[in-house]
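Open the coordinates in your viewer and switch to a cartoon view. The stops below each name something to select and then say what is there.

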Amino acid sequence: MLGRVHVDVPHLMRLRFRVHGLSFVAPAPVRSVLSGNHASRLRGRGLNFDEIRGYVPGDDIRHIDWRASMRVARPLVRAYTEERDRPVQVVVDQRMSMHFGSQRAFKSVVAAETAALATWMGYAAGDRVGGVVFNDARIERVRPLRSLSRIARLFGAIAEMNAELRADSPVRTDYAQLNQALGQLLHMAPHDHLICIVSDFAGADARTQALLRQLSVHNDVVAGLVFDPLWQHVDERSALVVSEGHLQVELRVANERVRTPVAAFFKGRTAEVAELLRTSGVPWMPLSSAEAAVDQVRRLLGARHSGTHGGGL
């Protein structure tokens, strides 16, 4: 049964209370999507040089400054402090291709909820948060700041674009907007940002792959691929109604001659996007519109504390 079609700012603000035990950069549990081969790709905060001081037992010998030590004939170490914060940027897709859902919620809702969770995870870690929200007509940038009012502004942009999505909209998906948004993000996040991109990646191509690679050279990038279960299994018992904004067509998928090519297209496109993300070198999470975003994020990242969340939002 289809539930949530749209989101609002209060709903996204309440997700603040659902991120306990979640982190993109803390040591990931074995079952996390960020463990194993992906673990080294999330660098966490950087280190700032603080001072040179005398060595004390327990110091990391890799921090010994050998030149300074030889000058004074005693071991000295270079002390570092962890950066106080780093910017977290969420990229949220609210194009018409996201205005679809066959079960619990529309893909646009799952994307908004996942972006809100990433925002609150960064805020809880003491980081500045901001992002890029885009639809088929415009791209809105919200520069990172550690501020609840800045978060409300970001969520306001998400909710506004989400509210513009409707079944009778004449707007058609602008496939070029994905690369436009990622291109603008390159200028906003030159280095040391944590970037969470949530999209169905409609229109992703070789340029998308190149942009993801560029972003991940000096930043930590995580991608959330939002999909609907229909892309995995076409129900042969019912008709499928599709529209491109102006025309509406009913596909009788009970007919095998209709169902087989439709199912092949859905599965083929999903595999193409998954392969593009994999070869981009960024960790990615499959996010289904049939399940609450918070439950999926907890499972995929591997929450560190059990019993901290209730039913799905």
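In which sense do strand 6 and strand 7 pair, and over how many bridges? Select residues 194–199 for strand 6 and residues 220–227 for strand 7: the pairing is parallel, over six bridges. To see one of these bridges, pick isoleucine 197, whose partner in strand 7 is alanine 223. Keep in mind throughout that this is a predicted model.

**The sheet**

Now widen the selection to the sheet around this pair. Six strands make up an open sheet with mixed pairing, and their order is 5-4-3-6-7-10. At the edges are strand 5 (139–145) and strand 10 (284–288), each of which pairs on one side only. From one strand to the next, the twist averages 15°.

**Strand 4 and its neighbours**

Select strand 4, residues 129–134. Six of its six residues are buried. Colour the two faces separately: Val129, Gly131 and Val133 lie on one side, Gly130, Val132 and Phe134 on the other, and all of them are buried.

Add strand 3, residues 88–93. Strand 3 and strand 4 pair in the parallel sense over six bridges, and glutamine 89 has glycine 130 in strand 4 as its bridge partner. Follow the chain from strand 3 through helix 3 to strand 4: this β-α-β crossover is right-handed.

Then add strand 5, which pairs with strand 4 in the antiparallel sense over five bridges. The bridge partner of valine 132 in strand 5 is arginine 141. Strand 4 and strand 5 form a hairpin, with four residues between them.

**Helix 3 and helix 8**

Select residues 107–124 for helix 3. This helix lies across strand 3, strand 4, strand 6, strand 7 and strand 10, and runs at about 175° to strand 3.

Keep helix 3 and strand 10 on screen and select helix 8, residues 293–301. How many of the nine residues of helix 8 are buried? The count is eight of nine, and the helix is mostly covered. The buried residues are Ala293, Val294, Asp295, Gln296, Val297, Arg298, Leu300 and Leu301. Helix 3 and strand 10 are among the elements that cover them. Step past the end of helix 8 to glycine 302, where phi is positive, near 80°.

**The loop between strand 1 and helix 2**

Go to aspartate 59, in the loop between strand 1 (47–54) and helix 2 (66–72). Is aspartate 59 buried or exposed? Aspartate 59 counts as buried because its relative accessible area is 17%, and the cut-off for buried is under 20%. Show the side chain of aspartate 59: it makes a polar contact with the side chain of arginine 53 at 2.9 Å. A polar atom of the aspartate 59 side chain also lies 3.0 Å from the backbone nitrogen of valine 56. Leaving aside residues up to four places away in sequence, aspartate 59 touches Arg53, Gly54 and Val77.

**Salt bridges**

The count of salt bridges comes to 13. Three of them are worth a stop.

- Arginine 62 and aspartate 60: the side chains meet at 2.7 Å, N to O. Arginine 62 is exposed, with a relative accessible area of 71%, whereas aspartate 60 is partly exposed at 27%.
- Arginine 78 and aspartate 65: the distance here is 3.2 Å, N to O. This pair links distant parts of the chain, with arginine 78 in strand 2 (residues 76–82) and aspartate 65 in the loop between strand 1 and helix 2, 13 residues apart. Arginine 78 is partly exposed, with a relative accessible area of 30%, while aspartate 65 counts as buried at 14%.
- Lysine 107 and aspartate 200: the closest N and O atoms are 3.0 Å apart. Lysine 107 is in helix 3, and aspartate 200 is in the loop between strand 6 and helix 6 (206–218), 93 residues apart. Both lysine 107 and aspartate 200 are buried.

For the last stop, add Asp93 and Arg95 to the selection of Lys107 and Asp200. Salt bridges with shared partners join these residues into one network.

Methods. Residues are numbered from 1 along each chain as its sequence is written. This is a predicted model: local features need pLDDT of at least 70, side-chain atom pairs count only at pLDDT 80 or more; totals for chains, interfaces and linings use all residues. Side-chain values use heavy atoms; hydrogens and water are left out. Two strands pair if DSSP finds at least two bridges between them. Axes are lines fitted to C-alpha atoms, for helices over the stretch in contact, and angles run from 0 to 180 degrees between N-to-C directions. Contact means heavy atoms within 4.5 Å. Buried means under 20% relative accessible area, exposed over 50%, partly exposed in between (1.4 Å probe, protein chains only). A polar contact is a pair of N or O atoms within 3.5 Å; within protein, one must be able to donate a hydrogen and the other to accept it, and residues adjacent in sequence count only if both atoms are side-chain atoms. A crossover is right-handed if, with the strands pointing away from the viewer, the path from the first strand over the helix to the second runs clockwise. A salt bridge is a side-chain nitrogen of Lys or Arg within 4 Å of a carboxyl oxygen of Asp or Glu.
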